[in-house]
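Please look over the model shown here before reading the notes beneath it. The points are grouped by topic, so that each can be checked against the coordinates in turn.

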Amino acid sequence: MMKPLNQVQISFPSNSVNEGFARAAVSAFLAQLDPTVADLSDLKTAVSEAVTNAILHGYRDSLGTVYITVKLFPEGKAVVRVRDKGRGIPDVKQAMEPLFTTGGEERAGLGFAVMKSFCDSVRVTSTPGKGTSVTLTKRFETRG
């Protein structure tokens, strides 16, 4: 595994108001790649979906901690990992199907589909009762 050029780790309580902070913090860190507005917006949306999943599903009826790690690699590659220590996902493959949701009628069940459309890769690992980790990888066009 290649050593990152730079990295940051943040964690915060799983209050829904912190979703905006997560977007802004990740965005600010990624700014050093000098991304296009469109690329940055795409990854911010994916991060937003992953954090929202952790808050709404991971810690459904409780307060926990959301952990984010951002690593920057050569050639404009960014890897963002959003992790919780919540309920976990019993069937990751099913959870990643578009329109599947355990969040009730008000949830569209498109979170993972949105993440996939905005990233080069999305990897989800989960253990019921122990939590979920969502790894988003995106290569930014370097404007050099």
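What follows is a short briefing on one helix, the nonpolar core and the aromatic rings.

This is a predicted model, and the values given below are computed from it. The briefing begins with helix α1, which covers residues 18-30, and then turns to the largest nonpolar core, a set of 33 residues. It ends with the aromatic rings, for which a search of the whole structure finds 1 aromatic pair.

**Helix α1**

- The 13 residues of α1 should span 18 Å at 1.5 Å a residue, and the end C-alpha atoms of the helix are 18 Å apart, so the expected and modelled spans agree.
- The buried residues of α1 are Asn18, Glu19, Ala22, Val26, Ser27, Phe29 and Leu30, a list in which polar and charged residues appear beside nonpolar ones.
- The elements that cover these buried residues include the strands β1 (6-13), β2 (65-73) and β3 (77-84), together with the helix α2 (37-58).
- Ser27, which lies in α1, has a relative accessible area of 11% and therefore counts as buried, the cut-off being under 20%.
- Once residues up to four places away in sequence are set aside, Ser27 touches Leu40 and Lys44.

**The largest nonpolar core**

- Within this core of 33 residues, those with the most contacts inside it are Leu30, Leu43, Ile68, Val80 and Leu136.
- At least two residues of the core are supplied by each of α1, α2, β2, β3, α4 (111-118), β4 (121-127) and β5 (131-139), and the largest share, 8 residues, comes from α2.
- Leu43, when its neighbours within four places in sequence are left aside, is in contact with Leu30, Val80, Cys119, Leu136, Lys138 and Phe140.
- As general background, nonpolar side chains in soluble globular proteins tend to be buried together.

**Aromatic rings and charges**

- The 1 aromatic pair found in the whole structure is formed by Phe12 and Phe21, whose ring centres are 5.8 Å apart and whose planes stand at 85°, so the pair is edge-to-face.
- The two partners differ in exposure, because Phe12 is buried at a relative accessible area of 5%, whereas Phe21, at 42% relative accessibility, counts as partly exposed.
- Lys77 lies over the face of Phe73, at 5.3 Å from the ring centre.
- Arg83 lies over the face of Tyr67, in this case at 4.6 Å from the ring centre.

How values were computed:
Residues are numbered from 1 along each chain as its sequence is written. This is a predicted model: local features need pLDDT of at least 70, side-chain atom pairs count only at pLDDT 80 or more; totals for chains, interfaces and linings use all residues. Side-chain values use heavy atoms; hydrogens and water are left out. Helices (H or I, at least four residues) and strands (E, at least two) are DSSP runs, numbered from the N terminus. Buried means under 20% relative accessible area, exposed over 50%, partly exposed in between (1.4 Å probe, protein chains only). Contact means heavy atoms within 4.5 Å. Rings of Phe, Tyr and Trp (its six-membered ring) pair if their centres lie within 6.5 Å; planes under 30 degrees apart count as stacked, over 60 as edge-to-face and the rest as tilted. A charge sits over a ring if NZ of Lys or CZ of Arg is within 6 Å of the ring centre and within 35 degrees of the ring normal. The expected span of a helix is 1.5 Å times one less than its number of residues. A nonpolar core is a set of buried Ala, Val, Leu, Ile, Met, Phe, Trp, Tyr and Cys residues joined through side-chain atoms within 4.5 Å.
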